[in-house]
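Good morning, colleagues. Please look at the sequence and the structure as they appear, and I shall then go through the sheet, the residues along it, and the helical side.

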Amino acid sequence: ANGGKLFGTLGCAKCHPIAADQQGGGAPSLAEARRRFTVPHVVESVLLPSKQIAEPFRGTTLSLASGQILAGLVVGETAEHVELLLPDATRKQIKKSEIDERSPATLSPMPVGLVKTPQELADLLRYVLSENPTPP
């Protein structure tokens, strides 16, 4: 129960689907995580999200004509716009005409330091790796 609450309050649920029938927010699905990932892999992914980034989930850094720099995950793109999933789990549409430079990010869009204590990590692991976690 504590892990499910954390999954919701830490913002994990905004990006990661936890059930097979759930639509995601751009991050890897955690449905069936207990069958797909080892405990060490999940621990590393939570504590060090930038250590290993699968290409479909590699972030992008955009330098805008206004001088603003945005970093996030491209979750949609048309001929005119790029839709970016920002680290705070919000989405922003940017006109391509406003982008001066676009480059792959070296850091994961997932923020570091979400889990504060060993107990929070244990609770989150029990939830994510449980048989059929209920979305928060």
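**The sheet and its surroundings**

Strands β3 and β4 run antiparallel and are joined by 5 bridges. One of the pairings involves His81, whose bridge partner in β4 is Lys95. The two strands form a hairpin with 5 residues between them, and within that turn Ala89 has a positive phi of about 75 degrees. I should state at once that this is a predicted model.

Let us move one strand further. Strand β2, residues 69-77, is antiparallel to strand β3, residues 81-85, and 4 bridges connect them. Here Leu73 has Leu85 as its bridge partner in β3. This connection is again a hairpin, in which 3 residues lead from β2 to β3. On to strand β1, residues 60-64: it is joined to β2 by 4 bridges, and the two run antiparallel. Thr61 finds its bridge partner in β2 at Ala71.

In what order do the strands of the open sheet follow one another? The order is β4-β3-β2-β1-β5, which makes 5 strands with antiparallel pairing. The edge strands are β4 and β5, the latter covering residues 99-104, and each of them pairs on one side only. Averaged over the sheet and with direction ignored, neighbouring strands are turned by 45 degrees against each other. As a general reminder, side chains in a regular strand alternate between the two faces of the sheet.

I now take one residue from each edge strand. Lys95 belongs to strand β4, residues 91-95. Is Lys95 buried or partly exposed? Its relative accessibility is 43%, so Lys95 counts as partly exposed. Beyond its neighbours within four places in sequence, Lys95 is in contact with Glu80 and His81. For a distance across the fold, consider Ser63: Lys95 and Ser63 are separated by 32 residues in sequence and by 12 Å in space, C-alpha to C-alpha.

At the other edge, Ser103 lies in strand β5. Ser103 has a relative accessibility of 25% and therefore also counts as partly exposed. When residues up to four places away in sequence are set aside, Ser103 touches Thr60 and Thr61. Gly59 is 44 residues from Ser103 in sequence, while their C-alpha atoms are 8.8 Å apart.

Let us leave the sheet and turn to the aromatic residues. How many aromatic pairs does a search of the whole structure find? The search finds 1. The pair consists of Phe7 and Tyr127 and is tilted, at 5.2 Å centre to centre with 50 degrees between the planes. Because Phe7 lies in helix α1, residues 2-9, and Tyr127 in helix α5, residues 118-128, the pair ties together parts that are 120 residues apart in sequence. Phe7 is buried, with a relative accessible area of 2%. Tyr127 is buried as well, at 9%.

Phe7 also leads us to my final residue, His16, since Phe7 is among the residues that His16 touches. Not counting residues up to four places away in sequence, the others are Ala27, Pro28, Leu30 and Met110. His16 is found in the loop between α2, residues 12-15, and α3, residues 33-36. Although located in a loop, His16 is buried, with a relative accessible area of 13%. Its side chain reaches the backbone oxygen of Pro28 at 2.7 Å. Pro28 thus appears twice for His16, among the residues touched and as the owner of that backbone oxygen.

Terms used. Residues are numbered from 1 along each chain as its sequence is written. This is a predicted model: local features need pLDDT of at least 70, side-chain atom pairs count only at pLDDT 80 or more; totals for chains, interfaces and linings use all residues. Side-chain values use heavy atoms; hydrogens and water are left out. Buried means under 20% relative accessible area, exposed over 50%, partly exposed in between (1.4 Å probe, protein chains only). A polar contact is a pair of N or O atoms within 3.5 Å; within protein, one must be able to donate a hydrogen and the other to accept it, and residues adjacent in sequence count only if both atoms are side-chain atoms. Contact means heavy atoms within 4.5 Å. Two strands pair if DSSP finds at least two bridges between them. Axes are lines fitted to C-alpha atoms, for helices over the stretch in contact, and angles run from 0 to 180 degrees between N-to-C directions. Rings of Phe, Tyr and Trp (its six-membered ring) pair if their centres lie within 6.5 Å; planes under 30 degrees apart count as stacked, over 60 as edge-to-face and the rest as tilted.
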